[in-house]
Amino acid sequence: MGDPCESSPAADDDQASGNEVKERCWDQREALPGEPRCVICGRYGEYICDETDDDICSLECKKTLLFQLEKSRPSPVQPPMVKLPATDECHYVQDGNNKPRPQCLTNYQTELLRKKLEIFVRGDLIPEPILSFGSCDLPQKLMLNLEAAGYEMPTPVQMQAIPTAMIGQSILVSAETGSGKTGSFLVPTLSHCIKTKNNPQKPLAMILTPTRELCIQVEEQAKLLGKGLPFKTALVVGGDPMAAQVYRIKQGVSMIVGTPGRLIDLLTKHDIELHSISILVLDEVDCMVEKGFYEQVMQIFRALSQPQVLMYSATLSKQVEKVASSLVRDITYISVGKPNRPNEAVKQIMIWVESKKKKQKLFDILTSKQHFKPPVVVFVGSRLGANLLSEAITIATGIKALSIHGEKPMKERRDILRSFLVGEVNVVVATGVLGRGVDLLSVRQVIVFDIPNSIKEYVHQIGRASRMGESGTAIVFVNDENKKLFPELVEILKSSGAAIPRELSNSRYVLSSFSTGKIQKKRKHVF
Ligand code: ADP
Ligand code: MG
């Protein structure tokens, strides 16, 4: 077989420019796949910060890094607030509840930080980004839980989305897969639930996601961050007995996490009080407003009393923006990095394989010591295909492989995912149910056996190979059956610096779209 893992040519274009250390962040070039990245701005991490050993692109970003570290260092005498600088730079602003709170970045610093972290914002009321979790007045126990969960510093999306949600704004947020979006809605939501007087507990927040697997993970994460606090959750997903879910809600919970279908089922059959809910989260919002989900989501939304709405995805469009603004009037738009782009830490290796040869190619990869990097998720297009392929893998290679898809009972899906995550099973063949949002912590390799029907699902699927910027690999099989997506695939590969198979770049489906200008249109910024 060919060599799917051969590395892309490394660029050393800046080496000719001399040995001077770059002063400014924007003097530095973008990082290529596999190269170190600046921990502040994500550009090429050409240098190492002496004090912290972090990769850094320039003197400017080093300064920001040291500034952030200084700010996030806990102080025993200070309340959990960003320490005010001793200059007249610090002034007070009104928050959503007309409570004054200290603003510790000047407008210039705020702009600079946003520029470096590629945070784009639009809206009327936008607080400055936080530099530490300590700066937004979170309950002390929640702070401790964050620390215990390994959340030392907010990620860029958390820096901007948490303070914005905490002043009561509805938000539409786009940030790449694995960038910490879950934490950025759980922290303000939990903080609201904990601070609100709620005894006996009534539901104060509802989180909707498109898949049961994602709901399970979000609920687990919420429980972890709410440990030891008067905060209970209910999981409302299909496949689990409804009676137990209703019982749990009636016993008193602060947060409901569920899929729209089961929630509607439950609400139509049982008398559940939802008026107390003041925060609604729509995770993977672009999926939630698509045909099939839209009506259900709207039905749930209408049953609530005009809650604050927090909406998130790695892939957004004008259409999603339109739906979002029809739900709530004053929305703040936040986007981190380039929207609708695959996670830059995932190296895409696209191989041209005719359909008849795909299975053999997959077996070759899975039996190659050099190329097989378990645990691996193989994405396919159909439930039957998932079953057949997982069996074929085990027979042909001897590797234990199982399948996950929407037709399997919930208990089986849970057990398979658990044995995959603890390393008992090395290969899982999945349909789109694992494509969205699911945090497959140890997975660094994804094989896209069947390219999905839309480029955004592709972006989400390959995103499973990296969390929090750790590098991963996506091996993707492509052939003429995917011709509808060729122009967008070529664009994505180009922008990621990945090699494009000759058959793909020479395809008439790509060439004709270039001449019609289709590609340029799609590259526009969403907001
Ligand atoms: P996304 O929803 O953007 O795809 P997740 O919210 O699933 O990404 O986060 C990816 C991983 O990063 C998770 O394992 C999560 O626990 C971890 N994580 C999130 N925020 C932080 C943080 N501030 N510090 C450390 N780890 C974090
Ligand atoms: Mg997510």
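The exercises below work through salt bridges in a predicted model. Residues are numbered from 1 along each chain as its sequence is written, and side-chain values use heavy atoms, with hydrogens and water left out. Local features need pLDDT of at least 70, and side-chain atom pairs count only at pLDDT 80 or more.

**Exercise 1.** Determine which parts of the chain the salt bridge of Glu118 ties together.

Solution. A salt bridge is a side-chain nitrogen of Lys or Arg within 4 Å of a carboxyl oxygen of Asp or Glu, and the structure holds 24 of them. Glu118 pairs with Lys338, with 3.9 Å between the closest N and O atoms. Because Glu118 lies in the loop between helix H2 (107–116) and strand E5 (119–122), and Lys338 in the loop between strands E12 (331–336) and E13 (346–352), the pair ties together parts 220 residues apart in sequence; helices (H or I, at least four residues) and strands (E, at least two) are DSSP runs, numbered from the N terminus.

**Exercise 2.** Establish whether Asp286 and Arg436 are buried or exposed.

Solution. Buried means under 20% relative accessible area, exposed over 50%, and partly exposed in between (1.4 Å probe, protein chains only). Asp286 has a relative accessible area of 2% and is therefore buried, and Arg436, with a value of 2%, is buried as well. Their salt bridge brings the closest N and O atoms to 2.8 Å. Asp286 and Arg436 also belong to a network of salt bridges that links them with Glu284, Glu290, Lys456 and Glu457.

Key:
Chains lettered and ligands numbered in written order.
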